[in-house]
Amino acid sequence: MFINTENIHNIAIITTQNSVDLERFKKFINKSPFIRRVAFIGKAIFDMPEFPELIRFCAQNNIYLIFGEVGETSTDNLRALVEYQNVLFINIHEDKHNVKLLQQYKQQFNSDLPDINLIISEKHSPQEEISDTAYAFYNLADDIKNIHCLNLLREPMLNYDGSLLGCWQNPDEKHPINAFDLGMDAALNSRHYTNILKMLKSGKIIKSCPCTRCPVFASLVWKNQTADILKLISDND
């Protein structure tokens, strides 16, 4: 199996606990010129001292950015989110002060970007929280074209250190492939990653694959379905 990575333009990087190393990230992008959008999931990305440089570097390389969480951060970082006009969307949790500053910068730079989503947390009772999250695993594969597995190629997920996670279902597993070191092309075409795609396509378990512990894969097996990821990409793009 060979994956044509020229058609894979989006990636996501988990920065919940740690930020990224800017120099390693730069080398990774230079090895992966087909990447056009990076989504950073987690607030730790704003802890890196070179954050404005990260935004500028991505702008110079025609890469658009999305930030899943913006917490307390410096005015320099907020300015960078607007100044280079390559940040598409940000989530801000209950921080109207930062929203006000961002709006001021948008006026200053005459920019419509980024789109800002202010999230107001709602308190729920324990019983409500249980009912919101309780569902039978065998229903996960009802809509075969929208299962999480599709993101394995639509938007592959990396850890902050470059290790290739695949999707958000297995962030705590040990992953032997590092995209920062190899580049995205070599990482996605590694035997470890292509085995994951083969297993989803065939339904035959490969014990080394993290998907064997995923409720979505269990749902596919339970319903005697398989996920032809490559075909889904072709059908939807």
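**From a cis proline to a phenylalanine cluster**

P114 lies in the loop between α4 and β5. The model is predicted. The peptide bond that joins L113 and P114 is cis, with omega at about 0 degrees. Most peptide bonds are trans, and most residues other than glycine have a negative phi.

The loop between α4 and β5 also holds N110. N110 is not a glycine, yet its phi is positive, at about 50 degrees. Is N110 buried or exposed? Its relative accessible area is 71%. The cut-off for exposed is over 50%, so N110 is exposed.

N62 also has a positive phi, at about 55 degrees, and is not a glycine. N62 sits in the loop between α2 and β3. Its relative accessibility is 53%, so N62 counts as exposed.

Now turn to the sheet. Strands of a sheet pair through backbone hydrogen bonds, in either the parallel or the antiparallel sense. Here an open sheet has seven strands, in the order β5-β4-β3-β2-β1-β6-β7. Its pairing is mixed. Which strands stand at the edges? They are β5, residues 115–119, and β7, residues 164–166. Each has a single partner strand, so one side of each is left without a neighbour in the sheet. From one strand to the next, the twist averages 20 degrees.

Take β1 next, residues 10–14. In the sheet order, β1 stands between β2 and β6. Five bridges join β1 to β2, residues 37–41, and these two strands run parallel. On the other side, β1 and β6, residues 157–159, are also parallel, joined by three bridges. I14 can be followed in both directions. Its bridge partner in β2 is I41. In β6, N159 stands opposite I14.

Move on from β2 to β3. Strand β3 covers residues 64–70. β2 and β3 pair in the parallel sense, over four bridges. One place to find this pairing is R37, whose bridge partner in β3 is Y64.

How are these parallel strands connected? β1, α1 and β2 make a β-α-β unit, and the unit is right-handed. β2, α2 and β3 make a right-handed β-α-β unit as well. Strand β2 thus appears in the unit with α1 and in the unit with α2.

Before α1 comes a loop to check. V20 lies in the loop between β1 and α1. Is V20 buried or exposed? Its relative accessible area is 7%. The limit for buried is under 20%, so V20 is buried. V20 and F46 are 26 residues apart in sequence. In space, their C-alpha atoms are 9.9 Å apart.

F46 leads to the aromatic rings. A pair of aromatic rings is described by the distance of the centres and the angle of the planes. How many aromatic pairs does a search of the whole structure find? It finds nine. One of them is F25 with F57. The centres are 6.4 Å apart and the planes lie at 70 degrees, an edge-to-face pair. F25 is in α1, residues 22–31, and F57 is in α2, residues 51–60. With these positions 32 residues apart in sequence, the pair links distant parts of the chain. Both F25 and F57 are buried.

F25 also pairs with F180. This pair is edge-to-face too, at 6.4 Å centre to centre, with 75 degrees between the planes. F180 belongs to α7, residues 179–182. F25 and F180 are 155 residues apart, another link between distant parts of the chain. F180 is buried, as is F25.

These rings belong to a cluster. Ring pairs link F25, F28, F40, F46, F51, F57, F67 and F180. F46, the residue set against V20 above, is in this cluster.

Last comes a helix pair. Helix α3 spans residues 75–83, and helix α4 spans residues 96–108. The two pack with their axes 9 Å apart, at an angle of about 45 degrees. That angle makes α3 oblique to α4. Their crossing is right-handed. From α4, the loop to β5 brings the reader back to P114.

Note on methods: Residues are numbered from 1 along each chain as its sequence is written. This is a predicted model: local features need pLDDT of at least 70, side-chain atom pairs count only at pLDDT 80 or more; totals for chains, interfaces and linings use all residues. Side-chain values use heavy atoms; hydrogens and water are left out. Rings of Phe, Tyr and Trp (its six-membered ring) pair if their centres lie within 6.5 Å; planes under 30 degrees apart count as stacked, over 60 as edge-to-face and the rest as tilted. Buried means under 20% relative accessible area, exposed over 50%, partly exposed in between (1.4 Å probe, protein chains only). Two strands pair if DSSP finds at least two bridges between them. A crossover is right-handed if, with the strands pointing away from the viewer, the path from the first strand over the helix to the second runs clockwise. Axes are lines fitted to C-alpha atoms, for helices over the stretch in contact, and angles run from 0 to 180 degrees between N-to-C directions. Angles under 35 degrees count as roughly parallel, over 145 as roughly antiparallel, 65 to 115 as roughly perpendicular and the rest as oblique. A crossing is left-handed if the near helix is turned anticlockwise from the far one by less than a right angle, and right-handed if clockwise.
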